[in-house]
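Here are some short exercises to work through with the coordinates open. Try each task yourself before reading its solution.

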Amino acid sequence: MKVVIVGAGSVGSSIARELLAHKHEIMLIDLKPEVIGRSGLRGARWLVGDACELSTLQEAKLEGADVVVSATGDDKVNLVVSLLAKTEFGVGRTVGRVNNPKNDWMFNDSWGVDVAVNTPQLMTALVEEAVEIGDLVRLLTLQTGVSSLVEFTVPHDSHIIGSTVGGIEWPDDATLVAILRDHAPITPSRDDVIDGGDELFFVTTIVAEDGLRALLSPTAADHGSADVKEEFSDQSDDDGFDG
């Protein structure tokens, strides 16, 4: 996969290093020529220039990129690069770094951004994940305002433990895409059984998050038990003996 990363600072370099380790073809674009020498990124191609200029992106042959990552520390640059990548070069996938959370609302498909990575929001989510086991945590917003990637760590007393993936009526527009168990990722099938400590990852519309949260909450089990008791009571009345 060919990935073009705009911005070779600490964030862009870290992304490039990971992708190079997975054998992807990487090009980095940055205004500062000195970043090439200090980066330590072997195997990456470099282009020194202003990525907001069409001529720079043309020189990078952006039309051949599978993914463009805008990882600079300037939100305006990240938006402009994403928009140009989509509208001028037809890039299939763009990822934009959000530096100021107040600008998050602009990082959507109107500006050519497919995935917005809000670093402060992501760090907050990871902290919440660590201290709030049993809560639904939003990790990323995909196509801002439309869908998201959320995570749920199953408490060891959860009512869904022992249920199969196919036996749970998940809300519409919420899809279980991965289970992380004992640090190993599992592609979920209908027959997989939920266990305590499992980390469940869903792609869901933001509207459907509330339904997913309600399904996974401890009170959902209480309502289910009450329904069973009521049904059993009704059956007892119907089957009672006349004395």
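The exercises below start with the whole chain and then turn to one helix of this predicted model.

**Exercise 1.** Describe the protein chain as a whole: how many helices and strands are there, and what share of the residues counts as buried?

*Solution.* Begin with the secondary structure: the protein chain has seven helices and 11 strands. Next, take burial, with under 20% relative accessible area as the cut-off: 40% of the 243 residues count as buried. Then turn to the surface, where about 13,600 Å² is accessible and carbon and sulfur atoms hold 53% of that area. Finally, look at contacts with a separation of 6 or more: 54% of them join residues 24 or more positions apart.

**Exercise 2.** Compare the reach of helix α1 with the expected value.

*Solution.* Helix α1 covers residues 10–21, which is 12 residues. From first C-alpha to last it reaches 17 Å, close to the 16 Å expected at 1.5 Å a residue. Just beyond, α1 is followed by K23, which has a positive phi near 70°.

**Exercise 3.** Which residues of α1 are buried, and why do they line one face of the helix?

*Solution.* First list the buried residues of α1: G12, S13, A16, L19 and L20. Now look down the axis of α1: these buried residues fall within an arc of 130°, so they line one face of the helix. Their packing partners are β1 (2–6) and β2 (25–30). To finish, check the face of α1 turned away from the buried side, which carries the exposed residues S10, E18 and A21.

Note on methods
Residues numbered from 1 in each chain as written. Predicted model: local features only at pLDDT ≥ 70, side-chain atom pairs only at ≥ 80, totals over all residues. Heavy atoms only, no water. Helix = DSSP H or I, 4+ residues; strand = E, 2+ residues; numbered from the N terminus. Expected span 1.5 Å × (residues − 1). Buried < 20%, exposed > 50% of the residue type's maximum accessible area, 1.4 Å probe, protein only. Arc of directions from axis to C-beta. Contact = heavy atoms within 4.5 Å. Areas by Shrake-Rupley, 256 points an atom, 1.4 Å probe, with all protein chains shown as cover.
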